[in-house]
Amino acid sequence: MRHSRIFRSPRRAVPAAAAVASLLVLSACGGNDDGGSTDASGKVEGKITFQTWNLKANFKSYFEGLIDDFEDKYPGTEVKWVDQPGEGYADKISADAAGGTLPDVVNVSPDLVAPLAKAGIALDLDQAAGKYEKEYLPGAWKSHQVPGVRGTYAFPWYLNTGPLFYNKRLFKEAGLDAAKPPKTYDQLFADALKIADKSDGDIATLANVPTIEDFGRYGVPLMNKEGTGFTFNDAKGVKLLTQYKKLYDAKALDGQALTATPESTGKKFLTEAVAMNPGSALDLEKFKKDAPGLYKNIGITPQISSTGKDNMYVMGVMVNKRTKQTPAAVAFAHFVTDAQRQMSFAKKVAIFPSTKGSLDDPYFTKEDGTDETRVRVAAAKSLKTAVNYTPVLFSEQMKVALRNSVAKALQGKESPEEALDNAVKQCDRLLQQS
């Protein structure tokens, strides 16, 4: 199943920056107080609308059953379900929010929550539903918080992450212990240089340039607490990029990394030209069929992280602050994302629950010899303490600016310090324009 919001690689697509930016003017489009109460303590009753993001084609029966269960639990409620296509979803939310037609309960990602929260359209759950916070993993609950805006603006729903695959044979041939793959960036850099040296530059360890998530996992502070400026050009950020420059020069970072795509890096790993690459159970199945020699030497390890915490991708369920049925909307958003419903959904698709304790279920801890389970168990283990490193205010345009600056540093056109200073200036400018 290739739903972009569920089956995602670590390099996920991000909604159009223009659409997200346009949401920030919504507070002037009809005012912030034309809705109902923010008090969710009243009787759960009335009609509400629930909007999902490209889920109906594959999960129609699941959501219809969920809605029936909610209406049975709360007599007098009625939930209308609408599903929007993945293409243009950010634009649709922007238009509906501006026109006052945004549904009561909305499937969102953190980058979509930020402008809605700033515009006063997303309900602050810390105030309206803070009693539920303890049910969720701390990192998941915090993922829908916005720098410079107090509160939490969506219930965490499903999570995803991706472990790293590594080629044990290539590690062994370089004189490394294949049972002890690198865990931190410093270990990664040391191993990568050794693999490149032993192979005379024929084998790279990585095929991707560093992204904002790498800076986060390295321990670089990405943004100030006020949400008014980016800070990934500090000394630690410069050190990370300097190390990547060393890898690039030593051919420990693939020479085509500057233009790499998930497909191209996957092919590099498949042909054993690269020693490490993120992937999924589907990749393992491909290796087993198309590259049996690689398959028998596959190792699975958590993401590289110097903070002790992996990166997570998270979906959320937001309540429209302007809803006329606040108690019902909050109750339904919680119902969709509670432990029972999340566990049920996770067994239908390759995602993970954000509720505390759910990842201890045998489904996520017991291996049965299948490739799917191997990857699921590895990913679930890392998610217990994972965080969403990508700042919710970091737009697609900002990602492009960072990537371009990284490329200039790797090619020697700018020093790592100059490149990151320029990237921060561009990102701060884009932030002020939003």
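These are my notebook entries on the sheet, the helices against it and the nonpolar cores of a predicted model.

**Sheet.** I began with the strand order and found five strands in an open sheet, arranged β2-β1-β3-β8-β4, with mixed pairing. I then looked up the edges, which are β2 (77–84) and β4 (155–160), each of them pairing on one side only. From one strand to the next, the twist averages 20°.

**The β4 edge.** I followed β4 to strand β8 (residues 313–319) and noted that four bridges join the two, which run antiparallel. Looking for a single pair to anchor this register, I took Pro 156, whose bridge partner in β8 is Gly 316.

**Helices against the sheet.** I looked up helix α2 (residues 56–73) and found that it lies across β1 (46–53), β2 and β4, running at about 165° to β2. Helix α3 (residues 89–99) lies across β1, β2 and β3 (105–108), and I noted an angle of about 150° to β1.

**Cores.** Which residues have the most contacts inside the largest nonpolar core? I found Phe 232 and Phe 332, in a core that has 125 residues. Helix α14 (residues 326–337) gives the most to this core, contributing eight residues. I also recorded a second, separate core of ten residues, which includes Phe 165, Leu 284, Phe 287 and Ile 298.

**Phe 332.** I listed what Phe 332 touches, leaving out residues up to four places away in sequence, and obtained Ile 48, Phe 50, Leu 66, Ile 67, Phe 70, Val 79 and Val 105. As general background, I noted that nonpolar side chains tend to be buried together in soluble globular proteins.

Conventions: Residues numbered from 1 in each chain as written. Predicted model: local features only at pLDDT ≥ 70, side-chain atom pairs only at ≥ 80, totals over all residues. Heavy atoms only, no water. Core = buried A, V, L, I, M, F, W, Y, C linked by side-chain atoms within 4.5 Å. Buried < 20%, exposed > 50% of the residue type's maximum accessible area, 1.4 Å probe, protein only. Contact = heavy atoms within 4.5 Å. Pairing = 2+ DSSP bridges. Axes fitted to C-alpha atoms, helices over the stretch in contact; angles between N-to-C directions.
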